[in-house]
Amino acid sequence: MSESAIVEMESIQLGIIGMGDMGKLYARTLSQAGWKNVNVCDMPSRYEQLRQEFEGTGITVMKDGHLVSRQSDWILYSVPAEFIDAVVATYGPSTKIGAIVAGQTSVKAPEIAAFEKHLPEDVYIITCHSMHGPTVSSKGQPLVIINHRGSAEKLALVERILACFESEIAHLSYKEHDRITADTQAVTHMAFLSMGTTWKHQDSFPWFDPTYTGGIENVKVNMTMRILSNKWHVYAGLAILNPSAKAQVRQYSLSVAALFKLMIQEKEAEFVSRIRAAGDFVFGNRGNREQILLSDNLLDQYSLGSVPKDKRKPNSHLSLLAMVDCWYQLKMNPYSHMVCQTPLFRFWLGISEYLFLNEDYLTDAIQAALYDKEIREDDMEFMMSARGWQECIALGNMEGYRMRFEDTAQFFQNRFGEAAVIGKQMIEMITRKTAA
């Protein structure tokens, strides 16, 4: 390390307002990388608790955001999107002259609006978004940097500060970020949540059901459990506060309903034509791109259940067929969104690709969708669940979202520990594969 770099890391003051899971991840990563002045705070009521937690770490816990803002040269607001305006309104006016301000919210439109409204004119706005959760290694994951109001010199400083995360840097505008993450996060989460709600309404644990075990079913189950074991507000903010999300969420719900209506009427020609057209649009121009996922045998290792292969049953995969149809109806190329890919989106696109590029699997899914009466009630529940989540998001109902999320999570909570371990292993596997 050069002498100038050492001097910079010893003199620059870094600040984090909001010490939830992601705030703590950032604070620890920056401190462990050698940044000597990391100042953090949360709500004043948590001051003593945080002070004790970080005692001896070199991280300085302050009583409030005024103290962090006045002292720090780079300030990260790591608070839920629905609270960003109120928090910036409180602490923003105290920002040090010439400081760089960023946010870690997953939706940038309200964040940028809060910064423009409440920050002094003599500070810079260069925000960011790590495209992963706090339990996932940041190495190799996308990290979006948005230079909204900053000089080249300040942007270079931000890149040096964030280099310790070893992430793949992507430069976007805040509007580009929100448009892409509406697909890579909001719709993806809604699909997994709809599956969870379906199993809950069916009073069924999927790892005991021959329809939902093995291969790509393990991805559906484990990623659904991963979402439901996390905090509801992360997903609510992504869906409800992102201006681009509602149209995409609505189309997914419409695609589920349209396909289900064709299924129950057994309109095979129309159903197959629509599925094939969607598949050709999304996957027909992949070029020489390697498939995202590996073999069924590999995915079989990540199961919460133990249903033998010869006892497994075909699945309509309505959730996946509808996702590809949604992309087709919106004329959206999901591969162009890999710049903002999350591990969950990588799996979601991966299992969709896996289904559509394997003719035997796709044919089995089509036949099951049209003629297998045993799974019809699950598909009906899935359609209703998807519509319920879509309507909740369309109404902007945070409390309704919380109640639906926590009600579904309660049903599965006894398996969250095991699912977290398996889910982490799966994410490490697909990260290695897509980075290769």
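## A walk from strand S2 outwards

Start by selecting residues 37-41, which make up strand S2, along with its partner S3: the two run parallel, and three bridges join them. What you have open is a predicted model.

Stay on this pair and pick Asn39. Its place is in strand S2, and across from Asn39, in S3, stands Thr60.

Is Asn39 buried or exposed? Its relative accessible area is 2%, and since the cut-off for buried is under 20%, Asn39 counts as buried. Now show the side chain of Ser72 too: a polar contact of 3.3 Å links it to the side chain of Asn39. To see the rest of the surroundings, select what Asn39 touches beyond its neighbours within four places in sequence. Among these residues are Gln13, Leu14, Gly15 and Ile16, as well as Met62, Val68 and Gln71.

Next, zoom out to the sheet. In what order do its strands lie? Colour them as S3-S2-S1-S4-S5-S6-S7-S8 and you have the open sheet of eight strands, with mixed pairing. At the edges sit strand S3 (59-61) and strand S8 (168-171), each of which pairs on one side only. Look along the sheet for the twist, which averages 25° from one strand to the next.

Keep the sheet on screen and add helix H5, residues 84-91. Helix H5 packs on the sheet and touches strand S1 (13-17) and strand S4 (74-77); the direction of H5 makes about 145° with that of S4. Then bring in helix H6, residues 108-118, which also packs on the sheet. Which strands does H6 touch? They are S4, strand S5 (100-103), strand S6 (124-130) and strand S7 (142-149). Against S6, the direction of H6 makes about 160°.

For the next stop, hide the sheet and select helix H12 (residues 268-283) with helix H15 (residues 343-356). Their axes come within 11 Å and cross at roughly 120°, which makes H12 oblique to H15. Show side chains here: Ile275, Gly279 and Phe283 on the H12 side meet Leu349, Ser352, Glu353 and Phe356 on the H15 side. The crossing of H12 past H15 is left-handed.

Finally, bring everything back. The chain holds 19 helices and eight strands, and 57% of its 436 residues count as buried. If you build a contact map, take the contacts with a separation of 6 or more: residues 24 or more positions apart account for 79% of them.

Conventions:
Residues are numbered from 1 along each chain as its sequence is written. This is a predicted model: local features need pLDDT of at least 70, side-chain atom pairs count only at pLDDT 80 or more; totals for chains, interfaces and linings use all residues. Side-chain values use heavy atoms; hydrogens and water are left out. Two strands pair if DSSP finds at least two bridges between them. Helices (H or I, at least four residues) and strands (E, at least two) are DSSP runs, numbered from the N terminus. Axes are lines fitted to C-alpha atoms, for helices over the stretch in contact, and angles run from 0 to 180 degrees between N-to-C directions. Contact means heavy atoms within 4.5 Å. Buried means under 20% relative accessible area, exposed over 50%, partly exposed in between (1.4 Å probe, protein chains only). A polar contact is a pair of N or O atoms within 3.5 Å; within protein, one must be able to donate a hydrogen and the other to accept it, and residues adjacent in sequence count only if both atoms are side-chain atoms. Angles under 35 degrees count as roughly parallel, over 145 as roughly antiparallel, 65 to 115 as roughly perpendicular and the rest as oblique. A crossing is left-handed if the near helix is turned anticlockwise from the far one by less than a right angle, and right-handed if clockwise.
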